[in-house]
2 protein chains.
Amino acid sequence: MTLTQLEAFVLVARLGSVKAAAGVLGVSEPAVSSALAALRQHLGDQLVVRSPHGMELTPGGQRLVGIASQMVTLGADAVAAIRRAQGAPDLLHVVATSTVAEFMAPPLLELFTSRTASVEATVGVSGTIEMPVLLQDRLADVALGPRLSAVGIDSSPMMRHKLVVVAGKRHPLAGATEVTPESLSKSRWLVDPAGTEPSSEVGQLLQRFNVPERRTRVFSGASAVWSAVAEGHDVAPALAHLVARDVADGRLVVLPVRGTPVDVLWYVSTLDLSRRSPAATKLRQFLTTPDAMHVMHRADGSVPVARFRPPVYVTLWS
Amino acid sequence: MTLTQLEAFVLVARLGSVKAAAGVLGVSEPAVSSALAALRQHLGDQLVVRSPHGMELTPGGQRLVGIASQMVTLGADAVAAIRRAQGAPDLLHVVATSTVAEFMAPPLLELFTSRTASVEATVGVSGTIEMPVLLQDRLADVALGPRLSAVGIDSSPMMRHKLVVVAGKRHPLAGATEVTPESLSKSRWLVDPAGTEPSSEVGQLLQRFNVPERRTRVFSGASAVWSAVAEGHDVAPALAHLVARDVADGRLVVLPVRGTPVDVLWYVSTLDLSRRSPAATKLRQFLTTPDAMHVMHRADGSVPVARFRPPVYVTLWS
DNA sequence: CGGCTTCCTAAGCAAAGGCTTATCCCGCTC
DNA sequence: GAGCGGGATAAGCCTTTGCTTAGGAAGCCG
């Protein structure tokens, strides 16, 4: 019984899927499967079994998942405790949806770490579904993105902005005074990874406009989406303040689509007060400061690409 | 960072000695040392360092020991939880001082397990010093022997008996009406392993009589002691009710030594109520029943040797 | 100073952990 | 029944654990 095996089991139990757990851990699926097999053999219990609704816990598994989760948590605590005792900077693991990770997180954390003594932050990309699990298993300290509702998770608004639909200046409807969703039926919709989640604001928008999946294309990030849109005849959702410069320069046009702009709220989520790490508490406090607000609203596509670190955690949409 | 390493660390921290930890775990001393080295390297902290008073914790080690202890505990809990979920019998690890392990524990646990559904008991021998640590790290559920005073440990009286001094019928003082301790200065004292602990009742007796260490000989068990005494010219401490038959048969003689018989109390110790295992609770309850009392007082040297299992844990005096 | 105890290191070995790719199996949908 | 998606299994590989015995280093006591 190793901590690796227990962690694999906990993730499978919580995510209901070996594949998803493997994604979160950034390993191949047989790796998780065999860790699980070893644990099953060691404990003499199936722990999780296949069912139509995903992997389900056996009675033994149900009892184990809480214990195993605590052990994994304590493992993370142990490392953090030693680090602190030695005066090493706290590590802050932040996960965010792709859009947030691309534009908001880097300048925000840059400022935060420069202001806060001895905290070192890393950013990872994750889907919304994994976020509560990542927080609960201490694989992440803070999640930035949509509101999360799960027991033990504390989610509060971080910033508000507006979602619009943009097109290139050569798009047929570039000069129209009003655009109905139906009139866009010939255009392809370009989205970033976060847009593929049905529960996201972009996902909701696409559903509302009845955009079939084959008329969407997924790009690696919103920057890539917008430069593709500027060159071609496609449309894309966009955050108003992030494309403001492109719109002012005439490279992009905000289409006056009915039902837009859509108000969007981003949240910061952590474990509840008693269980969250000190660094996570500091970040939450920092996010309420005027300086943080300023950085968030000023953030635009001008962030150098080099600063965007590769995702720490493999994403759902990989 | 493995559970094995953490357990080694916790035992070293609590016992203040690598050697003692190795003894408790039943492995060689370099095994513990290297586990510790691996953990030190992994965490980048010395954790424990040599000092005149044994191994002492560094600041990092102090923080770790609580966390690590919880992890080890949870590891044991995990196994137990699965076992229960599957309806497998609970495992009850009992440790006892050598005298208790030799005479009291086997018939007692035999009766207990036959009366109590789905509990399986094993007995190990241990020194008094290790007992609190063994309980706290869940290496044992119940300790039988002297009273233990440590935080989180619940120790209550189990049985009372009398300690006397016996000799063979050919001993010069076999027929004396009164014997002073000084008059025994030519005799060797034979003791069982538990008698080597200065804090034990036998240890106290020897101290009180100023018996130098070279005039004692340690035997593997009290039975061996008494049969050696019956044949030779040595003396030994003995539990009155256990040698009653030998005395009645004339093979042993109770010497009328001043200061004897000594009243001795044996205790049953477990973690406190909230943290002890269900099986441990059941055993405590069982010990208060008339049947249990009866077995304890009737127990004599007639227990077949085959029933005495080899110690699970290597003893201090090995 | 020598001798003792205690801890650490070295060397070597067997076993387990942990990862990969490739393949099989099973339940589903079309 | 063919295809498919997700989980298990097989094979192969390398690293880490975990244990041993043997020997070296460091503190303590005569």
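**Two helices and a core**

Visitor: In this predicted model, what kind of crossing do helix 1 and helix 2 of chain B make, right-handed or left-handed?
Guide: Helix 1 of chain B passes helix 2 of chain B in a right-handed crossing. The contact is made by B:Ala8, B:Leu11, B:Val12 and B:Leu15 of helix 1, together with B:Val18, B:Ala20, B:Ala21, B:Val24 and B:Leu25 of helix 2.

Visitor: And what classes do the residues of that contact fall into?
Guide: Nine are nonpolar, with no polar and no charged ones. Ala, Val and Leu count as nonpolar.

Visitor: At what angle do the axes of helix 1 and helix 2 of chain B cross?
Guide: Roughly 125°, and the axes come within 8 Å. Helix 1 covers residues 3-15 and helix 2 covers residues 18-25.

Visitor: Why is helix 1 of chain B called oblique to helix 2 of chain B?
Guide: Check the cut-offs: 65 to 115 degrees is roughly perpendicular, over 145 is roughly antiparallel, and under 35 is roughly parallel. The crossing is at roughly 125°, so helix 1 of chain B is oblique to helix 2 of chain B.

Visitor: What makes up the side of chain B that touches chain A?
Guide: Chain B gives 22 residues to the contact, and chain A gives 22. On the chain B side, helix 4 (residues 59-85) brings the largest share, 16 residues. By class, that side has 14 nonpolar, five polar and three charged residues.

Visitor: Which residues have the most contacts inside the largest nonpolar core?
Guide: They're A:Val12, A:Val166, B:Val12 and B:Val166, in a core of 193 residues. Leaving aside neighbours within four places in sequence, A:Val12 touches residues including A:Val18, A:Leu36 and A:Met55.

Note on methods:
Residues numbered from 1 in each chain as written. Chains lettered and ligands numbered in written order. Predicted model: local features only at pLDDT ≥ 70, side-chain atom pairs only at ≥ 80, totals over all residues. Axes fitted to C-alpha atoms, helices over the stretch in contact; angles between N-to-C directions. Helix = DSSP H or I, 4+ residues; strand = E, 2+ residues; numbered from the N terminus. Left-handed = near helix turned anticlockwise from the far one by under 90°. Contact = placed C-beta atoms within 7 Å. Core = buried A, V, L, I, M, F, W, Y, C linked by C-beta atoms within 7 Å. Buried ≥ 20, exposed ≤ 12 C-beta atoms within 10 Å, placed from the backbone.
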